[in-house]
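Thanks for coming, everyone. I'll take you through a few spots in this one, so have a look at the screen and stop me whenever you like.

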Amino acid sequence: MDESTALQFCMERDRLLGDPEFSRSPSMCKLLRFLVDYKLSGNTVPLKSYTIATDALGRDASFDPQTDSYPRVQMGRLRRMLDNFYLRKGGEYRLAIAPKHYDIVLTANTRDSTPAGRVMGQPADVPVQSGTPREANDGYPLERPDDDDKMAKPDWRTILAVSVPILLTVIGVLSYMLWPVPASSQISYPKIALDLPDDSSGSLASRLAEPVGNRLVRGLSGFGWIRIFDFDSAEMRRSGYVVRVRFLEADSDRMELRLLDNISGEILWSTDIEIDDDGEWQLEFDQAIVAVAGHYGKIAQAEMSKAKNDYSAGYPCLMQFDLYIRYRDPEQGRPVRKCLKESVERFPHDSHLLSILAFARNMAENTSDYSGPKGLGTQLAWQAQALDPDNAAASFAIAQSAFFAGDCDMGVAWGKKALELNPLNSRIGGYLGLYMIGCNLPEGEEFAVRALELDPNADLTIAAAVAFQMLKRGEAAAARQLSTEYMVLSPRSEPALELTYIMSSAMLNDEAEARKAWKALAESYGLAESSAPREVLSRWIASPLLLDDTVAILNRSGIFRD
């Protein structure tokens, strides 16, 4: 790197560090300094996420880049801040970082400039020779006019040069006003602006601000159906919601987390969390993130209230799908399938949408009454993962396909990868646990329990899977208590949960209640109370292994004793 390029690097770095948006974030300032210093050092070894985490972001030597996406999240935040700065401030040059890279470069600050373009300090393809005339695009030399020609009338080339841009501008304005606007090629997911606490005062609250902010960013980033931005970014005005974190006092370890409507300023939800030394606050904080951004969280509830019975392509359809999964209303099935088909036709390159469609197809292809061709769910899952390897829902769709194909090893591997990408998604964690239990992997119960712990709105089948494991260990009282709790709060009937209630009641010698519940369950499928257990259970249990296991436990419960 020559001296002029190095000097320009330093000048751009200092411009950025002096900007209020950067000065409010010491962690971003530290990361920017590290990247520029590394570049100026002349070291040609590519930076790795471990080096970024330990040398620039303060993580200790035990940091594992395979399980912690913190460096990638922070680099993404820095890229957004750089783009926002140069959008606001302009300048001849800019610092830029290519996606999925850690190398910072100096480029010309043009609207279409990218780190892959010409970098300052590199020679141009055709250098301009000193003393040679430069040619304009129309082939005429750009010569200095004689003094006698200064007052001369413009020739036809000058008239065209002035009038053509004006004419094109007028045509463009008229076209914009009169022609229909084409539909967007991207789904309009909810946008959230993050208003994080200041971390520059040196108080207790400021020292806690960075770990709290980082945990919030990592948590929200895993959900594929929301988009997050910095509160001070240009996207702020386009955000529908604001997530605000504030410490109640400068020397207090108690913080308040709020969700606000960005248009009206209305507080949609809030909670207080006390940061303790034993780390228990982290679970409470994760639960708060799920309460905001989960499948049935506050944002989803607010969006659904605006679009009741809206089955249009895109995000409204995805919300309707979530409601269908939760309530299993048969009348919703047909319009949901129709809008999913329309959505994927309109947005064929949206990874999250394809992941949801893969999930839906996998579930449909493995019901007892499905007779169509199989494999589309698997195909959609791989397509979604190819579009976005970091999409948790895409990885889990592959895992689900593998489990349904009987490949438990592949299912577990992809399921754990999905959970690493989004450890707060209760559907991913809970269903992974359920499928692992179906593969006779007892550790799957831990994933299911964690999902219930994070999300009170987790799918009922997950609760049933945990109760089922309790029954296998002979913990009938605990299984009945869990089953009863979720049945009372249930928005719909769940046969698996009713079954664990039946079996636990029988094991506790409450045979009258067990037989009454079994009769109701059988009749709900149009079968008699005396029907064989396998005939009743096969109506909703697709896995042969799980079906055999369930029949064995049901027979052992003693409900069918004469």
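Asp 510 and Arg 480 make a salt bridge, and their closest N and O atoms sit 3.3 Å apart. Keep in mind that this is a predicted model. The two partners come from distant parts of the chain, 30 residues apart: Arg 480 is in helix H19, while Asp 510 is in the loop between helix H20 and helix H21. Asp 510 counts as partly exposed because its relative accessibility is 27%, and Arg 480 is partly exposed too, at 21%.

How many salt bridges are there in the whole structure? A search finds 22. The general idea is one you all know: side chains of opposite charge can pair when their charged atoms come close.

Let me pick two others. Asp 195 pairs with Arg 244, with 2.7 Å between the closest N and O atoms. That one links strand S3, where Asp 195 lies, with strand S5, where Arg 244 lies, and the two residues are 49 apart in sequence. Asp 195 is buried at 8% relative accessibility, whereas Arg 244 is partly exposed at 26%.

Then there's Arg 13 with Asp 37, where the closest N and O atoms are 3.6 Å apart. Arg 13 is in helix H1 and Asp 37 in helix H3, so this pair ties together parts that are 24 residues apart in sequence. Here the Arg 13 end is buried, at 16%, and the Asp 37 end is partly exposed, at 43%.

Some of these charges also join up: Arg 215, Asp 286, Arg 450 and Glu 453 are linked in a network of salt bridges.

Okay, cysteines. The count comes to 2 disulfides. Cys 317 is joined to Cys 339, S to S 2.0 Å, which ties helix H10 to helix H11 across 22 residues. This link is right-handed, with 75° about the S-S bond. Cys 317 is buried, at 0% relative accessibility, and so is Cys 339, at 1%.

The other disulfide is Cys 408 with Cys 439, again with the sulfur atoms 2.0 Å apart. Left-handed or right-handed? The torsion about the S-S bond is about -85°, so this disulfide is left-handed. Cys 408 is in helix H15, and Cys 439 is in the loop between helix H16 and helix H17, 31 residues away. Counting bonded cysteines along the chain, the pattern is 1-2, 3-4.

Helix H15 turns up again in the packing around helix H13. H13 runs over residues 376–387, and its 17 Å from first C-alpha to last is close to the 16 Å expected. Its buried residues are Gly 377, Leu 380, Ala 381, Ala 384 and Gln 385. Looking down the axis, they fall within an arc of 135°, so they line one face of the helix. Helices H12, H14 and H15 are among what covers them. On the other side, Gln 379 and Ala 386 are exposed.

Last stop, Tyr 296, in the loop between helix H8 and helix H9. What does its side chain reach at 2.8 Å? The backbone oxygen of Asp 322. Tyr 296 is buried, at 13% relative accessibility, and its contacts further along the chain include Leu 323, Arg 427 and Asn 457. Arg 326 is another of those contacts; from Tyr 296 to Arg 326 is 30 residues in sequence, and 9.0 Å in space, C-alpha to C-alpha.

That's my tour, so over to you.

How values were computed: Residues numbered from 1 in each chain as written. Predicted model: local features only at pLDDT ≥ 70, side-chain atom pairs only at ≥ 80, totals over all residues. Heavy atoms only, no water. Helix = DSSP H or I, 4+ residues; strand = E, 2+ residues; numbered from the N terminus. Expected span 1.5 Å × (residues − 1). Buried < 20%, exposed > 50% of the residue type's maximum accessible area, 1.4 Å probe, protein only. Arc of directions from axis to C-beta. Contact = heavy atoms within 4.5 Å. Polar contact = N/O pair within 3.5 Å; in protein donor to acceptor, adjacent residues only side chain to side chain. Disulfide = S-S within 2.5 Å. Salt bridge = Lys/Arg side-chain N within 4 Å of Asp/Glu carboxyl O. Lists of a residue's contacts leave out its neighbours within four places in sequence.
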